[in-house]
Every structure is written in structure tokens, then in C-alpha cells.
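Colleague: Please take one part of this model and go through it closely, at a level that suits a first-year student. Then follow its surroundings outward, and give the cut-offs as you go.

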Amino acid sequence: MSAAMTSEVLVATREAWHRLAEHVLAPARYAMDGHISLQVAPGGFGTPEVGTPATRVTVDGEHLVVVRDGREVRRVPRTLREAADLVGIEPGAPAGVYPPATPCHPDEPLAVDPAAARELADWYRLGAQALADLAPDEPARLWPEHFDLGISVDRVNYGVSPGDAAIGEPYAYAGPWDALDDPDGFFDRSFGAARTRRELGSVADLAAFFRTARDHTARDPHRS
């Protein structure tokens, strides 16, 4: 597969996962406990165990997995409608909770490539480990509308994204809430600092990037 095709397949898979997060998993959790945040799960992402009976919904590669009251059902949904039917809800972001970044077309095919899904799942896994290294007591959350995995510590957002309209490949970021003095140009984006997966290929690399960002914000004399 060519590099261009690899990029196209990765983006298509990312977009399909994002649609599942916004229009199936987050609304499923919201219906059960009033929360929308998701978390890293084996092979991808999902809800925590919530509700009565205890239910967990996850995306594992191309599969949607529903575990309810200890019983597991695993399918490869072809559309949002099929995914939502498996969970037992209508597809669509909960009204008034967050503005969805992806369209809800219930019968449009979901293009999830297993190899691309493994790459994205691995990036989330590495990010979760590096964020835990930075702040062990701060649980990392995957927000459906942004589709990044992140935490906030001392008025700085840290996280990993599978890519978006601004940066088309997986990347890590650090975004201070406040303006900073930055004489060495570490914060190279309008929102802070970003480095791609090609630059940060391991947990150690990611952890070092987050620590460097933390050190830069901590030493700024104008930061309250």
C-alpha cells in the first residue's frame, strides 16, 4: 500500500471511529449516567462500565462490542444505524450536550480498516501511558466531539489526537490556558505545542514531550 493510500485509509478509519464516538458510544453512555466522556480500551476506545444492568460499549478495531450484565455481543457494524441497533439506541449525538464535529448519516457505510484501526488504537494506548506518567492521579478522558485523549493539569491541556483538519496525522499536544513567554519557540502552534507520531514514536518520547511542556509553563514568570 502506498504512503498516500495509507494516509487516506487512516483518515477514513479515524472519521468512522469519530462518528461512532459521537453518535453511538457517547449518547449510549449519556442515556445511562448523564456523562459523555470515553476512555481507552483494548483495540480502541469505549465507555466505562455504567448503568443497570452494568453495560460497557467499546470499539475494538472494526468491531463494536457490547457487554451487558456479563454477556458479550460482538459485531462489525456496516453503518451507524447497525451500531446503534446493537446498543439499543437511536443514532445521533444527544441534543444540546455538545456540537458534533461529524455528520450523522445513519445508513452511510463505515470505512474501518483493521490495520489503520490498530495504528490508531496503539497511539491512544501510548498516549494513555504517557499521560499517566505525567499525572498518575488524573484520569485521561476521550471527548467525543474532539476525539482526543487528554487531561488538564495546572491550567495546561495535555493529550494525543488521532489527527484532525489542522494536523492530518496522529499527534501529541500541550496547550496552556494562558499566554506565555516562549523565547525558544517550543509552543509552535496557535493553541500551544504539537509533535506528530513520526517525531514521538514511543511512550518515553511522549512522556518527555509532556514533561518539557510542563517545565516550560512552570518557569514562565508571568504565569499565575
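Modeller: I start with helix α4, whose 16 residues reach 22 Å from the first C-alpha to the last, close to the 22 Å expected at 1.5 Å a residue. The expected span is 1.5 Å times one less than the number of residues in the helix. Helices here are DSSP runs of H or I with at least four residues, strands are runs of E with at least two, and both are numbered from the N terminus.

Before going on, two notes on how to read the values. This is a predicted model, in which local features need pLDDT of at least 70 and side-chain atom pairs count only at pLDDT 80 or more, while totals for chains, interfaces and linings use all residues. Residues are numbered from 1 along each chain as its sequence is written, and side-chain values use heavy atoms, with hydrogens and water left out.

Which residues of α4 are buried? They are Leu206, Ala207, Phe209, Phe210, Ala213, His216 and Thr217. Buried means under 20% relative accessible area, exposed means over 50%, and partly exposed lies in between (1.4 Å probe, protein chains only). A helix pattern helps in reading such a list: an α-helix has 3.6 residues a turn, so residues three or four places apart point the same way. The cover over the buried residues of α4 includes α3, β8, β9 and β10; contact here means heavy atoms within 4.5 Å.

Two residues of α4 also appear in a wider grouping. The largest nonpolar core has 51 residues, and those touching the most other members are Trp17, Leu20, Leu25, Phe45, Tyr158, Leu206 and Phe210. Helix α3 gives the most to this core, with ten residues. A nonpolar core is a set of buried Ala, Val, Leu, Ile, Met, Phe, Trp, Tyr and Cys residues joined through side-chain atoms within 4.5 Å. In soluble globular proteins, nonpolar side chains tend to be buried together. For one member, Leu20, the contacts beyond four places in sequence are Leu25, Val59, Leu80, Ala83 and Leu110.

Next, the aromatic rings. Tyr158, Phe186, Phe187, Phe209 and Phe210 are linked by ring pairs into a cluster. Rings of Phe, Tyr and Trp (its six-membered ring) pair if their centres lie within 6.5 Å; planes under 30 degrees apart count as stacked, over 60 as edge-to-face, and the rest as tilted. The whole structure has eight aromatic pairs. One of these joins Trp17 and Phe45: the centres are 5.3 Å apart and the planes stand at 70°, so the pair is edge-to-face. Its partners come from distant parts of the chain, with Trp17 in helix α1 and Phe45 in strand β2 (residues 44-46), 28 residues apart. Trp17 is buried at 0% relative accessibility, and Phe45 is also buried, with a relative accessible area of 0%. Inside the cluster, the ring centres of Phe186 and Phe187 are 5.0 Å apart with planes at 85°, so this pair is edge-to-face too. Phe186 and Phe187 are both buried.

The chain leading into α4 takes part in a salt bridge, that is, a side-chain nitrogen of Lys or Arg within 4 Å of a carboxyl oxygen of Asp or Glu. The structure has 13 of them. Glu169 and Arg198 form one, at 2.5 Å from N to O. Glu169 sits in the loop between β8 (156-161) and β9 (171-176), and Arg198 in the loop between β10 (193-196) and α4 (203-218), so the bridge ties together parts that are 29 residues apart in sequence. Glu169 is partly exposed at 22%, whereas Arg198 is exposed at 71%. Another salt bridge joins Asp188 and Arg195 at 3.2 Å, N to O. Asp188 counts as partly exposed at 42%, and Arg195 as buried at 17%.

Finally, α3, named above as part of the cover over α4. Ala116 lies in α3 and is buried, at 6%. Beyond its neighbours within four places, Ala116 is in contact with Val9, Leu10 and Thr13. The C-alpha atoms of Ala116 and Val9 are 6.7 Å apart, although 107 residues separate them along the chain. Thr13 belongs to helix α1 (residues 3-33) and is buried at 0%.
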